[in-house]
Amino acid sequence: MIQKVLIANRGEIAVRIIRACRELNLSTVAVYSNVDKDALHVHLADEAVCIGDYNLSNSYLNENAILQAAVNTNAHAIHPGYGFLSENASFAKSCERMGIEFIGPSSALIELMGDKHQARETMRKAGVPIVPGSKGLVKNVNQAYKEAKIIGLPLLIKASAGGGGRGMRLCYSMDEIEDAYHQATQEAKLSFGNADVYMEKFIEKPRHIEVQILGDKFGNVVHVFERECSVQRNNQKMLEEAPCTNLSEKTKEKLYTTSVEAAKSVGYESCGTIEYIMDKEENFYFIEMNTRIQVEHPITEMISGVDLVKEQLSIAQGNPISFKQSDIKAEGISLELRITAEDPYNNFRPSSGKLKSVHFPGGMGVRIDSFVYSGYTVLPFYDSLIAKVILYAKTRDEVIEKAIRCLEEIDLDGINTNVDFLLEVLLNESFLDHKYDTSLIKTMLENR
């Protein structure tokens, strides 16, 4: 039985996991870098272990230090959160060898889904729609030219081990192929230690839709509805909503069925997300499977009443999913606004510094997931996400009004944030009409 959980992460997700563990009467261990000694997750956990300095490779990406901390504190399980080691198959395998429960799917499945080319082929064999592209990895520039003639333009050259837009290049003409290929392979090698790339057709101005799934150790798989994640800059999400109010029920049912069958086909266990791009005719194509909890998981919790982190912990304990598909339904609308420490009016330059005062909004249907407080120093070494404002209401119009009110109420004195820019997004006509795609932010910036 799991009685003590080490959280191999920091920031808001570490706080979120600690809170879920407390409600399940599980002891918690925080790990932290030396510059994070005053972080909220360190104060909230039952125990805390310093694992290195500010450099990620010496702390939050230091597998040996984290595993040693787990051994020294007699932790039964490690929850990786998102980012860092959450989709690192080698780390999950080390946990398995040491008899420490990795709260997520098996290392073999993480490895399979972490290789974008293998994941794509696995989904294709399972009958999941995939974007037309190369049949295998593209080994050299000559092959890239041949594949481009078959696939057609525009196309993407993508890192097989990639994510977050790294190792990806867009080509609108054959003249761009050679440079794009070399840039993609070099960036992939630097970012992921793997230079393998493949190619696929570029779907212009798509929507980004994802489906939340849960699987247990008994072969049960359920979906927890869909999320719209099309408000993005450089492939990084800024705002999400659930469920989609402008999708036909036929398309939704197809998304759900496809996702559940895809998860079953690989024997998926734990919490996961299957991501798709969708064209204007509501045709959808598999992008990737995220084998972890997502940043945007709270909006799914708000519309379903399912605590995804608690469910993830329960599944790791060897319990079946606590509900059947017919037990849940999507009710109301939820939005998540990612509050970041950066200046959108200065090319989104990161901001750091001491917070002189902090005020977050409240009221009915308002949830704040954050780790900052008055007097806390926002550090320059880590991701710029400092808070998530999650809103819930019966209708989309109501939840947007609530979101606007909440953004106007936020006070984070001492750093630059994206609050005003998010207000611009909420007031954008295309967003208000729910007629937007992944080009929304780019268009907004171009029209300034």
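**Exercise 1. Determine the handedness of the crossing of helix 3 and helix 4, and describe their packing.**

Solution. Helix 3 crosses helix 4 in a right-handed sense; a crossing is right-handed if the near helix is turned clockwise from the far one by less than a right angle, and left-handed if anticlockwise. The contact (heavy atoms within 4.5 Å) involves Glu63, Ile66, Leu67 and Val71 of helix 3, and Ser90, Phe91, Ser94, Cys95 and Met98 of helix 4. Sorted by class, this contact has six nonpolar, two polar and one charged residues. Here Ala, Val, Leu, Ile, Met, Phe, Trp, Tyr, Cys and Pro count as nonpolar, Asp, Glu, Lys and Arg as charged, and the others, Gly among them, as polar.

Next, the geometry. Helix 3 (residues 63-72) and helix 4 (residues 89-98) pack at about 30°, and their axes are 11 Å apart. Axes are lines fitted to C-alpha atoms, for helices over the stretch in contact, and angles run from 0 to 180 degrees between N-to-C directions. The two helices are therefore roughly parallel; angles under 35 degrees count as roughly parallel, over 145 as roughly antiparallel, 65 to 115 as roughly perpendicular and the rest as oblique.

The model is predicted: local features need pLDDT of at least 70 and side-chain atom pairs pLDDT 80 or more, while totals for chains, interfaces and linings use all residues. Residues are numbered from 1 along each chain as its sequence is written, and side-chain values use heavy atoms, without hydrogens and water. Helices (H or I, at least four residues) and strands (E, at least two) are DSSP runs, numbered from the N terminus.

**Exercise 2. Describe the packing of helix 12 against helix 13, and state what covers the buried residues of helix 13.**

Solution. The angle between helix 12 (residues 396-409) and helix 13 (residues 419-427) is about 160°, with the axes 10 Å apart. That makes the pair roughly antiparallel. The crossing is left-handed. Helix 12 contributes Ile400, Ala403, Ile404, Leu407 and Glu408 to the contact, and helix 13 contributes Val419, Leu422, Leu423, Leu426 and Leu427. By class, there are nine nonpolar, no polar and one charged residues.

Now take helix 13 by itself. Val419, Phe421, Leu422, Leu423, Val425 and Leu426 are buried, where buried means under 20% relative accessible area, exposed over 50% and partly exposed in between (1.4 Å probe, protein chains only). Their cover includes strand 10 (221-233), strand 11 (236-242), strand 14 (333-340), helix 12, helix 14 (429-432) and helix 15 (440-446).

**Exercise 3. Give the order of the strands in the open sheet that contains strand 6, and identify the edges.**

Solution. The order is 7-6-8, with antiparallel pairing; two strands pair if DSSP finds at least two bridges between them. Strand 7 (166-171) and strand 8 (197-201) each have a single partner strand, so one side of each has no neighbour in the sheet. Neighbouring strands are turned by 25° against each other on average, direction ignored. Strand 6 (residues 155-163) is joined to strand 7 by five bridges. One of the bridge pairs is Gly163 with Arg166 of strand 7.

**Exercise 4. Locate the cis peptide bonds at Pro154 and Pro243, and the positive phi values at Asn74 and Asn347.**

Solution.
- Leu153 and Pro154 are joined by a cis peptide bond with omega of about -5°; Pro154 is in the loop between helix 7 (141-151) and strand 6.
- Ala242 and Pro243 are joined by a cis peptide bond with omega of about -10°; Pro243 is in the loop between strand 11 and helix 9 (249-265).
- Asn74, not a glycine, has a positive phi of about 60°. Asn74 is in the loop between helix 3 and strand 4 (77-79) and is exposed, at 57% relative accessible area.
- Asn347 has a positive phi near 55°. Asn347 is in the loop between strand 15 (342-343) and strand 16 (349-350) and is exposed, at 64%.
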